[in-house]
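Q: Hey, I've just opened this one and don't know my way around yet. Can you walk me through some of the side chains?

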Amino acid sequence: MQTQYLNVQGIAKVTDFAQSFYYLACSNCKRATNAYGDGDFWCNYCAKKVPALTKIKFNIQIADATGSIEAAIFSEVAAEAYGITSADAIDVRKTHSIHTKLKHSRFF
């Protein structure tokens with residue numbers, strides 16, 4: 001079965017600025033973890049002790065004249081569309097900067 005992509009034109013906006021904008025993932029298998037802080041952790045999926053990798057994820061709402069839908073933005077799109085890096089997402093000193101970028105962006 002071939003994957004089909006749709007071109008959506010609308011406005012994408014963050015509706016919850018209190019949400020977490022990142023999560024920690026296994027640097028080996030890339031799955032989300034319950035790790036916290038810096039350093040190595042035990043990945044239950046890989047059965048290895050590995051460093052955690054910071055990944056961006058935040059929820060947005062995409063809306064047009066016909067309605068709206070909730071979606072998630074992950075690291076690659078966040079960097080390309082919004083100019084947000086993983087380091088930005090975890091640096092609380094940059095939280096205001098991230099919110100400003102997201103409030104004034106229109107990339108769809």
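Q: What does Lys30 touch, not counting residues up to four places away in sequence?
A: Lys30 touches Ala25 and Leu53 on that count. Keep in mind that this is a predicted model.

Q: And where is Lys30 found?
A: In the loop between strand E2 (22-26) and strand E3 (40-43).

Q: Is Lys30 buried, exposed or partly exposed?
A: Lys30 counts as partly exposed, at 44% relative accessibility.

Q: Which backbone oxygen lies 2.7 Å from a polar atom of the Lys30 side chain?
A: That's the backbone oxygen of Ser27.

Q: How far is the C-alpha of Lys30 from that of Tyr45?
A: The two C-alpha atoms are separated by 9.8 Å, and the residues are 15 apart along the chain.

Q: OK, switching to salt bridges. How many does a search of the whole structure find?
A: The search finds one. The side chains of Lys55 and Glu76 meet in it, at 3.8 Å from N to O.

Q: Which parts does that pair tie together?
A: Lys55 lies in strand E4 (residues 48-64) and Glu76 in helix H1 (residues 75-82), so the salt bridge links parts that are 21 residues apart in sequence.

Q: Are those two buried or exposed?
A: One of each. Lys55 is buried, with a relative accessible area of 17%, while Glu76 is exposed at 54%.

Q: New topic: what about disulfides, how many turn up in the whole structure?
A: Zero.

Q: Why doesn't Cys26 bond with Cys43, the closest cysteine?
A: The two sulfurs are 3.7 Å apart, which is too far for a bond. A disulfide needs the sulfur atoms within 2.5 Å. So Cys43 is in no disulfide either, with the sulfur of Cys26 as its nearest cysteine sulfur.

Q: Are these cysteines buried or exposed?
A: Cys26 is buried, with a relative accessible area of 0%. Cys43 counts as buried too, at 1%.

Q: Last one, Gln19. Where is that?
A: Gln19 is found in the loop between strand E1 (11-13) and E2. With a relative accessible area of 14%, Gln19 is buried.

Q: Which backbone atoms lie by its polar side-chain atoms?
A: The backbone oxygen of Asp16 lies 2.9 Å from a polar atom of the Gln19 side chain. There's also the backbone nitrogen of Asn59, 2.8 Å from a polar atom of that side chain.

Q: And what is Gln19 in contact with, leaving aside neighbours within four places in sequence?
A: Val14, Phe58 and Asn59.

Terms used:
Residues numbered from 1 in each chain as written. Predicted model: local features only at pLDDT ≥ 70, side-chain atom pairs only at ≥ 80, totals over all residues. Heavy atoms only, no water. Salt bridge = Lys/Arg side-chain N within 4 Å of Asp/Glu carboxyl O. Helix = DSSP H or I, 4+ residues; strand = E, 2+ residues; numbered from the N terminus. Buried < 20%, exposed > 50% of the residue type's maximum accessible area, 1.4 Å probe, protein only. Contact = heavy atoms within 4.5 Å. Polar contact = N/O pair within 3.5 Å; in protein donor to acceptor, adjacent residues only side chain to side chain.
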